[in-house]
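Me: Please give me a close look at the charged side-chain pairs of the structure below. I should also welcome an account of the surroundings, written as one connected answer.

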Amino acid sequence: MPLFPFFFFSLRKLQFWSALNLPISLYHWNNFTVSSEPKTTLSPLKSPTETELKIKRIKEKLDQLIPPRPFTHVNTTTSAAHSRVTILNPQDTYCRGDQLDILVEVRDHLGRRKEYGGDFLRARMSSPALKAGASGKVTDFNNGTYLVSFTLFWEGQVSLSLLLIHPSEGVSALWRARNQGYDRVIFKGKFVNGTSQVFTECGLTPISSAELCEYLETRDQEAFYCVRPQHMPCEALTHMTTKNREISYLTVKEKSLFNRSNVGVEMMKHLEHIHVSQCYQRENIKEKCQIGMKVPVPGGYTFEGRWITTFCNQTQFNTIKIKDCLKGKLIYLLGDSTLRQWIYYLPKVVKTLKFFDLHGTGLFKKHLLLDAERHTQIQWKKHSYPFVTMQLYSVIEEGYIPREIDRIPGDKNTAISITLGQHFRLFPIDIFIRRAINVRKAIERLFLRSPATKVILKTENIREMHSNTESFGDFHGYIQYLTMKDIFKDLNVGVIDAWDMTIAYGTNNVHPPDHVIGNQINMFLNYIC
């Protein structure tokens with residue numbers, strides 16, 4: 001594997017947790033080396049690095065936002081059925097563009113008013129007949145009351161929903177459990193030496209007192225470890241696979257909070273539909289969508305299946321416009337399979353884009369689309385560890401996203417889209433925070449050599465609500481969503497708020513259907529053309 005020069009760029013001091021308008025609320029809510037020596041820990045540093053201090057500050061802030069909550073019995077936790085929901089200033093007819101506010105007073109299963117907040121709530125309004133949907137904004141007053149605000153984007157009959165995803169006691173338990181261990185996933189590395197091959201255990205932290213191979217990214221302080229196989233060098237590592245370990249850091253009592261019947265319970269089931277009228281026509285002239293714009297929440301809504309932004313004038317790209325936009329472009333998609341969906345979708349609408357065989361195997365090989373006549377190249381490459389899948393994937397070309405960005409010269413016709421999150425949900429939050437900070441540093445380096453290069457961040461999709469909440473639940477994704485938005489908030493990048501978008505569509509699928517993918521790509525094209 002190649003050795004890379006050492007770079008270090010300072011990151012301006014993070015000003016954490018600015019006021020964020022969010023659809024869900026908690027509270028307000030390579031320098032690369034291989035070592036074959038037997039080691040069990042990284043060499044201690046004389047003093048914490050700037051990155052270490054930032055990670056510590058962010059974790060401390062998160063701990064303040066998600067304080068421990070007493071949990072003695074399920075009856076003392078938040079009950080969707082007993083909580084009270086009241087429309088403020090109710091009307092017979094509402095006007096399009098108005099804001100509808102709802103006061104929520106949460107109570108436990110005994111009907112007693114709760115005195116603290118922190119419940120994990122999801123607000124959404126929809127009109128299924130119109131294929132319309134939008135997220136709502138939840139403000140937590142941290143005293144057992146919440147304000148849920150909906151902007152009435154379209155006319156017609158509108159249904160309102162407020163889901164209690166987890167009570168605050170469940171949130172507290174998930175946060176404690178997440179940060180307790182790195183061993184929810186078993187990594188198995190395949191080492192090949194001639195005709196011999198062997199699998200050994202690997203991980204994000206030193207696995208045992210056995211002789212280890214350390215795969216260190218010294219500049220960015222990223223590390224991965226494997227038990228060294230006998231009679232093979234550490235450089236013989238070629239592939240990786242994973243499986244989930246049967247382990248839990250939740251108590252039996254805490255696990256009861258995450259039974260299917262207790263997750264995603266409707267709190268507004270007795271609320272009637274509301275009717276929205278046009279009332280009056282308002283001119284709303286918006287600037288063209290472009291890189292660097294601040295994305296509010298909600299940043300848009302769906303109508304007739306199409307995503308419509310609220311903060312900029314959006315172009316709808318048909319096949320001809322997509323071809324024109326992509327002409328002469330070099331596009332790098334870096335991240336997980338939710339971005340790989342983009343590279344599968346594009347050839348369905350642009351028939352001149354063809355896959356080029358790079359001789360890899362499996363779903364997680366590097367994918368390359370080419371349109372030679374229009375000089376268009378689109379590449380997808382997975383992010384590096386942690387990457388969680390039972391399928392065997394190659395690590396020969398493995399590169400952390402910061403290193404991948406460092407290899408891109410960049411120019412006005414180069415665009416990069418990045419997504420991180422789903423594969424990080426199973427590990428303590430410091431892994432994700434470190435990677436996000438390192439990605440930001442790499443983008444800053446890119447802008448120094450090529451300020452015209454366009455960078456677009458895609459936030460996480462929401463996913464299935466009832467699949468292994470402790471490891472994969474959306475609470476973990478939401479914390480990462482908040483962290484990502486804050487770390488990148490003052491950088492000149494575009495943002496595709498897939499979290500907001502997938503709530504609006506109500507997909508609840510880590511891999512949403514094609515019409516959602518098409519609208520994510522449409523937003524990307526608005527930023528680059």
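Reply: The answer below begins with the conventions, turns to the charged pairs, and then takes up other parts of the chain.

This is a predicted model, in which local features need pLDDT of at least 70 and side-chain atom pairs count only at pLDDT 80 or more, whereas totals for chains, interfaces and linings use all residues. Residues are numbered from 1 along each chain as its sequence is written, and side-chain values use heavy atoms, with hydrogens and water left out.

Side chains of opposite charge can pair when their charged atoms come close. A salt bridge is here a side-chain nitrogen of Lys or Arg within 4 Å of a carboxyl oxygen of Asp or Glu; by this rule the count is 30. Helices (H or I, at least four residues) and strands (E, at least two) are DSSP runs numbered from the N terminus.

One such bridge joins E217 to R403, with 3.0 Å from N to O. It links distant parts of the chain, since E217 belongs to strand β13 (residues 212–217) and R403 to helix α6 (residues 401–406), 186 residues apart. Both E217 and R403 are buried, a term for under 20% relative accessible area, with exposed for over 50% and partly exposed in between (1.4 Å probe, protein chains only). R219 likewise pairs with D406, their closest N and O atoms being 3.1 Å apart. Here R219 sits in the loop between β13 and β14 (222–227), while D406 is in helix α6, 187 residues apart. R219 has 5% relative accessibility and therefore counts as buried. These four residues do not stand alone: E217, R219, D220, R403, D406 and R445 are linked in a network of salt bridges.

A further salt bridge is formed by E169 and K114, whose closest N and O atoms are 2.8 Å apart. Because E169 lies in helix α2 and K114 in the loop between β5 (99–108) and β6 (120–127), the pair ties together parts that are 55 residues apart in sequence. E169 and K114 are both buried.

Helix α2 also leads to a helix pair. Two packed helices are described by the angle between their axes and the distance between the axes. Axes are lines fitted to C-alpha atoms, for helices over the stretch in contact, with angles from 0 to 180 degrees between N-to-C directions. The axes of α2 (residues 168–178) and α9 (residues 474–487) come within 10 Å and cross at roughly 75 degrees. That makes α2 roughly perpendicular to α9; angles of 65 to 115 degrees count as such, under 35 as roughly parallel, over 145 as roughly antiparallel and the rest as oblique. Contact, meaning heavy atoms within 4.5 Å, is made by V171, L174, W175 and R178 of α2 with F475, H476, I479 and Q480 of α9.

Two other parts complete the account. Helix α10 (residues 498–505) is mostly covered, with eight of its eight residues buried; among them are W499, M501 and Y505. Just after α10, G506 takes a positive phi of about 65 degrees. I87 is placed in strand β3 (residues 78–87) and, at 18% relative accessibility, counts as buried. Leaving aside neighbours within four places in sequence, I87 is in contact with Y94, L100, D101, I102 and L271. I87 and L271 are 184 residues apart in sequence and 9.0 Å apart in space, C-alpha to C-alpha.
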